[in-house]
Amino acid sequence: QVQLVESGGGLVQAGGSLRLSCAASGIKFRINDMGWYRQAPGEQRELVATITSGASTHYADSVKGRFTISRDNAKNTVLLQMNSLKPEDTAVYYCYADTSVIVSIRHWGQGTQVTVSS
C-alpha cells in the first residue's frame with residue numbers, strides 16, 4: 001500500500017523557518033516528480049514547489065528565494081525548507097509523488113499544518 005507521510009509542520013513566528021519532510025513507502029515503481037502543494041482555508045490548493053527525478057526544480061512566485069525543495073531518491077523522500085515565513089504562508093501543506101508505468105498516478109500525503117503568526 002502506497003503511503004506518503006509528512007512531518008515538520010507547526011507554529012512559527014513570522015520570519016522564522018520550518019522544514020517539512022515527506023517519506024514515500026510502498027511504491028514499487030520509479031518515482032518521477034515530487035513536490036508540495038498547500039491549501040489555506042477557503043482557498044484552492046496551490047502548487048508550492050516541484051522537483052524532478054533529475055533534481056530540476058520549480059517554485060511558485062510567492063515562495064521563490066524563501067523556500068528550497070530537495071529530495072533523496074534512495075530514500076524516496078522530499079524536503080521543503082521554508083525560510084522567512086510570512087503569515088500568508090499559513091496553510092495545510094501536502095506532498096505528492098508521481099509514478100508512471102502504464103498510467104500516471106499522483107500519490108498524496110495526508111497534509112501537515114503550517115501556521116505563521118504575525
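Start with the salt bridges: a search of the whole structure, which is a predicted model, finds five of them. Three are worth a stop on this tour.

**Stop one: Arg 38 and Glu 46.** Select these two residues and show their side chains. They meet in a salt bridge, with N to O at 2.7 Å. Now switch on a surface and compare the partners. Arg 38 has a relative accessible area of 5%, so it is buried. Glu 46 is partly exposed, at 35%.

**Stop two: Arg 66 and Asp 89.** Next, select Arg 66 together with Asp 89, which form a salt bridge whose closest N and O atoms are 2.7 Å apart. This pair links distant parts of the chain, with the two positions 23 residues apart in numbering. To find Arg 66, look in the loop between strand S6 (57-59) and strand S7 (67-72); for Asp 89, go to the loop between strand S8 (77-82) and S9. Are these two residues buried or exposed? Both Arg 66 and Asp 89 are buried.

**Stop three: Arg 106 and Asp 98.** Move on to Arg 106, which forms a salt bridge with Asp 98; here the closest N and O atoms are 2.8 Å apart. Arg 106 has 34% relative accessibility, so it counts as partly exposed, while Asp 98, at 14%, counts as buried. Before leaving the charged residues, select Arg 38, Glu 46, Arg 66 and Asp 89 at once: salt bridges that share partners join these four into one network.

**Stop four: a nonpolar patch.** Turn to the surface and select Phe 29, Val 101, Ile 102, Val 103 and Ile 105. Together they form a nonpolar patch with about 530 Å² of accessible area. Pick out Ile 102 in the loop between strand S9 (91-100) and strand S10 (104-108). Its relative accessible area is 81%, so Ile 102 is exposed.

**Last stop: the whole protein.** Clear the selection and show the cartoon. What secondary structure is there to see? The protein has eleven strands and zero helices. Its radius of gyration is 14 Å, close to the 13 Å that the globule rule gives for 118 residues, so the protein is as compact as a globular protein of that length. Along the principal axes, the C-alpha atoms fill a box of roughly 45 × 25 × 25 Å.

Colour by burial and you will find that buried residues make up 40% of the 118. With the full surface displayed, the accessible area comes to about 6400 Å², and carbon and sulfur atoms account for 48% of that.

Definitions and conventions. Residues numbered from 1 in each chain as written. Predicted model: local features only at pLDDT ≥ 70, side-chain atom pairs only at ≥ 80, totals over all residues. Heavy atoms only, no water. Patch = residues over 30% accessible without salt bridge, like charges linked within 9 Å, V, L, I, M, F, W, Y side chains within 5 Å. Areas by Shrake-Rupley, 256 points an atom, 1.4 Å probe, with all protein chains shown as cover. Salt bridge = Lys/Arg side-chain N within 4 Å of Asp/Glu carboxyl O. Helix = DSSP H or I, 4+ residues; strand = E, 2+ residues; numbered from the N terminus. Buried < 20%, exposed > 50% of the residue type's maximum accessible area, 1.4 Å probe, protein only. Rg over C-alpha atoms; globule rule 2.2 N^0.38 Å.
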